[in-house]
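Here's a quick tour of one structure, starting with its aromatic rings and moving on to its core and one strand residue. Have the model open as you read.

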Amino acid sequence: MTSNDEEIQRNAWQATLEALTVQHEGDLATIEVADLDLGDQTEVERIPFSYIEYDPHDDAVSIGVGGLDGRYPVMLRHAIEHPQNILIHTSKAGTVTIDIPSSNGTTTLVTLSALPELSS
């Protein structure tokens, strides 16, 4: 399966992440954090995606999952302080992975997958 990779320029982070939120709200999100000291950790797996945003004032990316319906009534938030860059990987299958390395050496991967089609 081939994919397209794109590094987003810092001046486009806000607009790009807002567009991703609109396109993928409600998709299933998995958030993984790779840390040299702690190893790879899965924070959430296949929880409905709410938003991703960049705040230039705080220099932080925030991701929200859940809080959209009764099945996941609580919004969980993950913050990445001082991101170094943002890379977006898209596959032909429609999966989007957002790769966000931070200044503290951790890398956060956010994978967005469309909900499976219901058969009629």
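## The aromatic pair

Searching the whole structure turns up 1 aromatic pair (Phe, Tyr or Trp rings, the six-membered one for Trp, with centres within 6.5 Å). The ring centres of W13 and Y54 sit 4.9 Å apart with planes at 90°, so this pair is edge-to-face (over 60 degrees; under 30 would be stacked, the rest tilted).

It's a predicted model, where local features need pLDDT of at least 70, side-chain atom pairs need 80 or more, and totals for chains, interfaces and linings use all residues. Numbering runs from 1 along each chain as its sequence is written, and side-chain values use heavy atoms, leaving out hydrogens and water.

W13 belongs to helix α1 (residues 13–24) and Y54 to strand β3 (residues 39–55), so the pair links parts of the chain 41 residues apart (helices are DSSP runs of H or I, at least four residues; strands are E, at least two; numbered from the N terminus). W13 counts as buried at 1% relative accessibility (the cut-off is under 20%; exposed is over 50%, partly exposed in between, with a 1.4 Å probe and protein chains only). Y54 is buried too, at 9%.

## The core

The largest nonpolar core (buried Ala, Val, Leu, Ile, Met, Phe, Trp, Tyr and Cys joined through side-chain atoms within 4.5 Å) has 22 residues. I52, V61, I63, I86 and I98 touch the most other members. Strand β3 gives the largest share, 5 residues.

## M75

M75 lies in strand β5 (residues 75–81) and is partly exposed, with a relative accessible area of 26%. Its contacts (heavy atoms within 4.5 Å), not counting residues up to four places away in sequence, are S50, Y51, G64, V65, G66 and G67.
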